[in-house]
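Let's take a walk through this protein together, one stop at a time. Have the structure open and follow along.

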Amino acid sequence: MKLLLNDSEIERHHFKDQDMYSDKSDKENDHDHEESDNDGLGKSEESDSDTSERQDDSYVDPEPIDVKETTYVEQSHEELGEAGEAAQTEVVSEENKSLIWTLLKQVRPGMDLSKVVLPTFILEPRSFLDKLSDYYYHADFLSEAALEENAYNRMKKVVKWYLSGFYKKPKGLKKPYNPILGETFRCMWIHPRTNSKTFYIAEQVSHHPPISAFYVSNRKDGFCLSGSILAKSKFYGNSLSAILDGEGRLTFLNRGEDYVMTMPYAHCKGILYGTMTLELGGTVNITCEKTGYSATIEFKLKPFLGNNDSVNQISGKIKLGKEVLAILEGHWDSEVTISDKKTDVSETFWNPTSDIKQRRLPRYTVKFEEQDDFESEKLWQQVTRAINNKDQTEATQEKYVLEEAQRKSAKERKLKGEEWTCKLFDQDSVTGEWHYKYADTRPWDPLNDMIQFEKDGTIQTKVRHRTPMVSVPKIKRKPASQKKGECGFSSPEPDNQDSSGSEAQLLKHNTRIRKKGADLGELQSAIESIKETQEDIKRDIMALRNRVTSNSPPVDYHFLQFKHYVFILLMVLLQLIINFLFK
């Protein structure tokens, strides 16, 4: 049975949060509002009390928060797959082998397969936009990394999170659907320990070339991710590679740190002869320019004469500048060990044991009835149903209907001279990067921010009073209108000010005073720090001057005085000789 929840109901089932109240009067007013709005409703269930690692919250019912938000459904089934090569092989039937031979007649070695129609028997029944979300079932590692004060340990936690996104894999050799232009996908994860949610938004922003853009946000836990992936496929005769060209950018909001990372490629071998097997290959990099730390991980393909232990191997390094601090060794779908170069101590760095898998964050997807026609689940529903029913003929036909509709739309736009406009992402005309239109990269303010939620693809934050937005630079945004008197929501678009009465104005005025006082205090501290630095510099200069003086050779004052005496004596003798001669 599926559980239907919107964002607020999910919070009520998983945690209770007291940060939503600025003071006692606000809490009482919200409580009165709750009673008036919930007459006739049964008493809500109370969740277990817990403590937030970030803000040490006591839990109260957040139900009074009134926002229009998307309704999410808890994921009912999830296929993780098993470690090792067995889960990555595909036994092809005689019927499907004939389809492969028909496909191979259309291609040649080195050819890009992005425009080739692939048979449906190798398709995983979900979109590529959905598959990109596999990296966030352990997003709580990023919550921990955002709190980590040590930059080296922070990098290690980021690498651990990165590796946690690979062990989930479908059985056999499966490829997700190529997204249709304009297709979108939304989901989210609950963080019970930190009272927060991680939102994932993705859109297919280009069809030729096929580019998928994504944005991930959890402002309360202090991180967001953005990026775009250009999917390429290359055929090499008995093998082919799916190359994910692009990068993701992880940002810790409280630190202003960006971690730029790349992706490995998927390699399928045994197409013409041997067993069809899927592997990951290539070298990926995770780099933080601000701290100077970086990580390099090599995904190794199985050698021709390799044994079972050589399947899914990885090796890597964590460095500060050019100095290697630690070595990583292991397998991307099982255990990875780390060896410290200074202490020579080795320990388990990451291992997706059954206990770890049980602690995966629960994922929620948008309720089917609330999805629009271009959301992945609804868009591909007929193809997915046919694949699950093992009806390859119907799956191929339904897939053809979608692809033909896309080609027809492209022709119509070309005839009209129209350009495709993305719904959720904009492209930077200078860098070519894709940015989420509604990105909000402000650090979380527990005194002002109440909850983060999503509606129609827009990730927002309900706030007590308005604050300046921080959004992606160089991206122009259209102003959004808002009805007068509504509660405040943070978004990167300019909004009208609320007319919430004198009490709200007083609260805003007091907040401004506190902010100015805090700014003045920081300015005074900075001035004092500069003065102390100047004094230190003066002391260093004096010490250096004294040292130079003490090291220089002493002046021979006695020698100078002796010369003077000799000169005076000579002058006196000369005067005496002159006097004697002129007597």
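Where does Pro209 lie? You'll find Pro209 in the loop between β7 and β8, the latter covering residues 211-218. Keep in mind as you look that this is a predicted model. There's something to spot right at this stop: the peptide bond joining His208 and Pro209 is cis, with an omega of about 0 degrees.

Now step back along the chain to the other side of β7. The loop between β6 (184-191) and β7 (196-206) holds Thr194, and Asn195 is found in that loop between β6 and β7 too. Thr194 counts as buried because its relative accessibility is 7%, under the 20% cut-off for that label. Its side chain has a partner: a polar contact of 2.7 Å joins the side chains of Thr194 and Asp221. Asn195 is buried as well, with a relative accessible area of 2%. What catches the eye about Asn195 is its backbone, since phi is positive, at about 60 degrees, although the residue is not a glycine.

Where else can you see a positive phi in a residue other than glycine? Try Asn312, where phi is near 60 degrees. Asn312 sits in the loop between β14 (293-299) and β15 (313-320). With a relative accessibility of just 1%, Asn312 counts as buried.

From there, move on to strand β16, which runs over residues 323-331 and includes Ile327. Ile327 is partly exposed, with a relative accessible area of 21%. Look across to Gly316: these two residues are 11 apart along the chain, and their C-alpha atoms are separated by 5.8 Å.

Helices come next, beginning with α6. How many residues does helix α6 have? It has 13, spanning residues 151-163. From the first C-alpha of α6 to the last is 19 Å, close to the 18 Å expected at 1.5 Å a residue. Check out the start of α6, where a side-chain oxygen of Asn150 reaches to within 3.0 Å of the backbone nitrogen of Tyr152. Plenty of α6 is tucked away from the surface: the buried residues are Ala151, Tyr152, Arg154, Met155, Val158, Val159, Trp161, Tyr162 and Leu163.

For a contrast, jump to helix α12, residues 557-581, which is the place of Leu570. Is Leu570 buried or exposed? Leu570 is exposed, because its relative accessible area is 52% and the cut-off for that label is over 50%. Leu570 also belongs to a nonpolar surface patch of about 1,200 Å². Among the other residues making this patch are Tyr565, Phe567, Met571, Leu576 and Ile578.

Let's turn to charges. Side chains of opposite charge can pair when their charged atoms come close. How many salt bridges turn up in a search of the whole structure? The search finds 24. One of them joins Asp130 and Arg126, with the closest N and O atoms 3.4 Å apart. Both Asp130 and Arg126 are buried. This pair doesn't stand alone, as Asp130 and Arg126 are linked with Glu124, Lys131, Asp134, Lys168 and Arg363 in a network of salt bridges.

Another salt bridge ties Arg249 to Glu247, and here the closest N and O atoms are 3.7 Å apart. Arg249 is partly exposed at a relative accessible area of 28%, and Glu247 counts as partly exposed too, at 34%.

Then there's the bridge between Lys423 and Asp372, whose closest N and O atoms are 3.1 Å apart. This pair links distant parts of the chain, with the two residues 51 apart. Lys423 lies in the loop between α10 (392-416) and β20 (425-427), while Asp372 lies in the loop between β19 (363-366) and α8 (376-379). Lys423 counts as partly exposed at 41% relative accessibility, and Asp372 is partly exposed with a relative accessible area of 29%.

One last stop: the cysteines. How many disulfides does a search of the whole structure find? The number is 0. While you're here, have a look at Cys224, which counts as buried at 5% relative accessibility. Cys288 is buried too, with a relative accessible area of 1%.

Notes:
Residues numbered from 1 in each chain as written. Predicted model: local features only at pLDDT ≥ 70, side-chain atom pairs only at ≥ 80, totals over all residues. Heavy atoms only, no water. Disulfide = S-S within 2.5 Å. Buried < 20%, exposed > 50% of the residue type's maximum accessible area, 1.4 Å probe, protein only. Helix = DSSP H or I, 4+ residues; strand = E, 2+ residues; numbered from the N terminus. Expected span 1.5 Å × (residues − 1). Polar contact = N/O pair within 3.5 Å; in protein donor to acceptor, adjacent residues only side chain to side chain. Patch = residues over 30% accessible without salt bridge, like charges linked within 9 Å, V, L, I, M, F, W, Y side chains within 5 Å. Areas by Shrake-Rupley, 256 points an atom, 1.4 Å probe, with all protein chains shown as cover. Salt bridge = Lys/Arg side-chain N within 4 Å of Asp/Glu carboxyl O.
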